[in-house]
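Please open the model in your viewer and keep the selection panel at hand. The tour below moves from one selection to the next and says what is to be found at each stop.

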Number of protein chains: 4
Amino acid sequence: MPSFIGSALRGNFFLMLGLWWSIKYPIKYILLKLDSGNPHSHWIHSMDIIEGTMKAFFALGGILAEQLVPGGPHLSLYDSKAQDWVQLMSWPHMTMYLFYGFSGVADVLVHTSLKLPVGLDRLLLALALFAEGFLFHFHDYKDAALTEHLYHLMSIAVFGAALCASLEVFQRDHTLLELFRASLFILQGSWFWQIGFVLYPPWGGPGWKQEEHGNKNFLTMCFFWHYAIGLLVMAANGFISQQPVIANSKVKKVKDPWTVKSSQR
Amino acid sequence: MPSFIGSALRGNFFLMLGLWWSIKYPIKYILLKLDSGNPHSHWIHSMDIIEGTMKAFFALGGILAEQLVPGGPHLSLYDSKAQDWVQLMSWPHMTMYLFYGFSGVADVLVHTSLKLPVGLDRLLLALALFAEGFLFHFHDYKDAALTEHLYHLMSIAVFGAALCASLEVFQRDHTLLELFRASLFILQGSWFWQIGFVLYPPWGGPGWKQEEHGNKNFLTMCFFWHYAIGLLVMAANGFISQQPVIANSKVKKVKDPWTVKSSQR
Amino acid sequence: MPSFIGSALRGNFFLMLGLWWSIKYPIKYILLKLDSGNPHSHWIHSMDIIEGTMKAFFALGGILAEQLVPGGPHLSLYDSKAQDWVQLMSWPHMTMYLFYGFSGVADVLVHTSLKLPVGLDRLLLALALFAEGFLFHFHDYKDAALTEHLYHLMSIAVFGAALCASLEVFQRDHTLLELFRASLFILQGSWFWQIGFVLYPPWGGPGWKQEEHGNKNFLTMCFFWHYAIGLLVMAANGFISQQPVIANSKVKKVKDPWTVKSSQR
Amino acid sequence: MPSFIGSALRGNFFLMLGLWWSIKYPIKYILLKLDSGNPHSHWIHSMDIIEGTMKAFFALGGILAEQLVPGGPHLSLYDSKAQDWVQLMSWPHMTMYLFYGFSGVADVLVHTSLKLPVGLDRLLLALALFAEGFLFHFHDYKDAALTEHLYHLMSIAVFGAALCASLEVFQRDHTLLELFRASLFILQGSWFWQIGFVLYPPWGGPGWKQEEHGNKNFLTMCFFWHYAIGLLVMAANGFISQQPVIANSKVKKVKDPWTVKSSQR
């Protein structure tokens, strides 16, 4: 059962980021649309720094959890007795967290006085996603056909987000790219939960049959149902989170109708 | 034979969209070229809203048809008696329609007062196409080598259109991208008909032999003949649909030669 | 031996285009660089129209040759006696020529008064290349591992040129893209000759052993040696073809040093 | 053991380039950021010419080393006695060096009076990387599953750098692309060393077991640990190499505070 916990933790890491972004980016978008003078950039910068710090800390937590969870490798990499590597999928997942840690550090550093190039944070996010995607892609799942299928499906979300973050290096603050990235993080998060339920059912018993043909086809569809639900959640989050901002700006509109009108374009 | 009907319905969904676009976009192009003041944008917006509504309704119809057609799954997903999933390719196709439904809703919403980001309609169209492409790509066709080949060929049209719609998020109203997208929808539509004829001949009898080597190679060519015919149809549609607009503008040209001249650049 | 002729004809089609471009584009580049007023655009347009006409005629010739060459299918597609398709790789190659014919027609039409969108010629060239690439990619070569390898290697040149032409839809008249496209056409042309020599040696005898492991690895390298030689040929062609233009402009430079100086930037 | 030397030499070629870039590009970035008048472009141009010359010479050295190293092919390509090709992976690696040689020559030529199109140097670097990537991708490793895995992993770094250099054709002097390219060269260099240690341990004995499942999964992770260390080295190099430039500019700042302030944006 430890693996269910590991999968759920990974799911939460991505779900939290995705859900937070599904609130943050619509607010940022409406703020920039309503107030052309961009006076809220300070608020957005603070959010970015807090987000980066949290990301780095959670990544550190993830590294420790992958190693020290009961049944984990406890930092041993090679079992000289059994003459085999100690892996259990924990080491690759740890490596995955490591790159998200780098990304979190870069998120913070670009807001310091170090004069780093604009877009470095997005580049390191893209690198973390590419590293994750290739780690799962080049992993050899042996005969576990269903496990391989589950991770291959996830690679759609991972590489999609990696491409999205790469584009953001060049097209920073593009709302649709930011929302698209958020939706793929939600998808990745909920899919890690699904992997947990399929491979290590928390109510005990073995996982789903690896060689069952129908399981594979059902899970392919299921992946896209996750995404459909994720899109609906994003629509709801975006709509609700914008309401207080719009209500607030309507008060201003009465006072100064001209400025608002010209900035609505 | 129910599956022939299903395939034909899917074909019609894409053919209608593609053929409509092969008329709409050339007209839009010539309107914008002749009248630099862009006075026809109202007409184009109305067309977009009607198109989105139709798309959403047809997608809903498709979902119901996939489920309730005789031989369909009738909303049952798991057959606990046979201990297997009820699929028949109907559930994945239903999932496909679901995302086109989302795309139709987005087409309408971007024209409301909700202040959604420009390009959201194109992004959701791209998502629908990517979802369709990956649904077919990750489906396991078991030993049905010819069925797999038919869907793999179609994925050229699907992923091609998905990339095209993704580019349109950034390069909106690019005539060549719009026409390219239309041509791939026509291809996809006529190919769904071809799939129906190959796998479930409407005049009865079994489908073509799955393991026949020559069938595979013939259908590869056949796919591109479909595209060649589709391109000719598009050229004809574009040419014919532009004639009334040009004739109409020539009348104007006599009256006001100067404006037209400067807008022909 | 008919197949050697077919392969050589295909090779010449692409070699001629590539070599012509390796002369045309450097001249166009130096003309635009030396004369900022772009007075040579008329010459370039004429070249484009002649090129398109030639391309369409050669494509028509290729279609007829593929069908009517001794040993070709002579327009028969299905042999009802043997209950099998008549293919021999001639039909796919005919389909390939068909799309290049479309591309040639488009090259001419964009220079007429039809007001076609700018870039349509490049789009149809890209479509012809993509069609060719997918035709070879989805062909089933059965056990002919070496034939498959030869066509897979060529697909690097085909898809590379397809991507290049797609970019040119958006970045028209970009010298490096034009030169890159030329180099890949030269590669494709010389590789068709190589395929002819490997599979149907003109001095008789069987082709190289299909299952020989070393043949595969040698031909992989050989493909890049073709490209290395192609690059050297392009460098020589570009250098030599620019000399008369530069010599000509130096005469002008004496007369009017100021204009030339400012346009050298 | 000769093969360990070959692998180490290749590793050094890429490591040197990558490490040099990890120093050069941060300095170039800070110079351009601090001095808006771009007075250091002469220094950067000189560096480019020296770099190109060195690259061409090392490539020539690599070609000779691959051929003449004890155990190399000594320019013989076909062993007519054994009726097989003489390859040993030396010929493909020689071909790889050949294209880097072209790239080095182009680096120098773009700085001459030949009026070559801007970006030609980046295009030829991209071609060298694509050629290398496809050479390894289309090589048939027979049953050497681990060797194939090692080269497939490297193709991430190779194709990544190829895409990066292709983008630089259009977005020249983009600091993040330059740094990203440097990081992938460091990765490729250190991975060539890793390949040497895995396949031909310098302390004698056979290489790692090719068919061992765990080896494959360990090396996948190991590849990304190489990259993580490479990123840390780049961060250190970039930080340290910028210090003298910043210190130097602070002296100026005292003298002329206004210019520096406006250029810090």
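## Where chain C meets chain D

Select chains C and D together: nine residue pairs, both at pLDDT 80 or more, are in polar contact between chain C and chain D, a polar contact being a pair of N or O atoms within 3.5 Å, where within protein one must be able to donate a hydrogen and the other to accept it, and residues adjacent in sequence count only if both atoms are side-chain atoms. This is a predicted model, in which local features need pLDDT of at least 70 and side-chain atom pairs count only at pLDDT 80 or more, whereas totals for chains, interfaces and linings use all residues. Residues are numbered from 1 along each chain as its sequence is written, chains are lettered from A and ligands numbered from 1 in the order in which they are written, and side-chain values use heavy atoms, with hydrogens and water left out.

Next, colour chain C by element, with helices (H or I, at least four residues) and strands (E, at least two) taken as DSSP runs numbered from the N terminus. Helix 1 (2-34), helix 5 (145-170), helix 6 (175-199) and helix 7 (213-255) of chain C each supply at least two residues of the side that touches chain D, and helix 7 of chain C gives the most, with 15 residues. By class, that side of chain C holds 18 nonpolar, 11 polar and two charged residues, where Ala, Val, Leu, Ile, Met, Phe, Trp, Tyr, Cys and Pro count as nonpolar, Asp, Glu, Lys and Arg as charged, and the others, Gly among them, as polar.

Widen the selection to the whole contact (heavy atoms within 4.5 Å), and 31 residues of chain C are found against 29 residues of chain D. Together chain C and chain D bury about 2,700 Å², 78% of it on carbon and sulfur atoms; buried area is the accessible area (1.4 Å probe) that two parts lose on being put together, summed over both. Show C:Leu176, C:Met221 and C:Phe224 as sticks, since these supply 22% of the area that chain C buries against chain D, more than any other three residues.

One salt bridge is counted between chain C and chain D, the term standing for a side-chain nitrogen of Lys or Arg within 4 Å of a carboxyl oxygen of Asp or Glu. To see a salt bridge here, select C:Lys216 and D:Asp140, whose closest N and O atoms are 3.4 Å apart.

## Where chain A meets chain D

Now hide chain C and bring up chain A, which has eight helices and two strands, running α-α-β-β-α-α-α-α-α-α from the N terminus on. The C-alpha atoms of chain A fill a box of roughly 75 × 45 × 30 Å, taken along the principal axes.

The contact takes 29 residues from chain A and 30 residues from chain D, and the two chains bury about 2,700 Å² between them, 78% of it on carbon and sulfur atoms. Pick out A:Trp85, A:Lys115 and A:Phe138, which supply 25% of the area that chain A buries against chain D, more than any other three residues.

Which residue pairs with D:Lys216 in a salt bridge? Select A:Asp140, which forms a salt bridge with D:Lys216, the closest N and O atoms being 3.4 Å apart. A:Asp140 lies in the loop between helix 4 and helix 5 of chain A and D:Lys216 in helix 7 (residues 213-255) of chain D, so the pair joins two chains.

There are nine residue pairs in polar contact between chain A and chain D, both residues at pLDDT 80 or more. Strand 2 (84-85), helix 3 (90-109), helix 4 and helix 5 (145-170) of chain A each give at least two residues to the side that touches chain D, and the largest share, eight residues, comes from helix 4 of chain A. That side of chain A divides into 21 nonpolar, four polar and four charged residues.

## Inside chain A

Stay with helix 4 (residues 120-138) of chain A and add helix 6 (residues 175-199): these pack at an angle of about 35°, with their axes 14 Å apart. Axes here are lines fitted to C-alpha atoms, for helices over the stretch in contact, and angles run from 0 to 180 degrees between N-to-C directions. A:Arg122, A:Leu125, A:Leu129, A:Glu132 and A:Phe136 in helix 4 meet A:Glu178, A:Arg181, A:Phe185, A:Gln188 and A:Phe192 in helix 6, a contact of five nonpolar, one polar and four charged residues.

## Chains that do not touch

Finally, select chains A and C, which no contact joins and whose closest C-alpha atoms lie 17 Å apart. Chain B and chain D do not touch either, with their nearest C-alpha atoms 17 Å apart.
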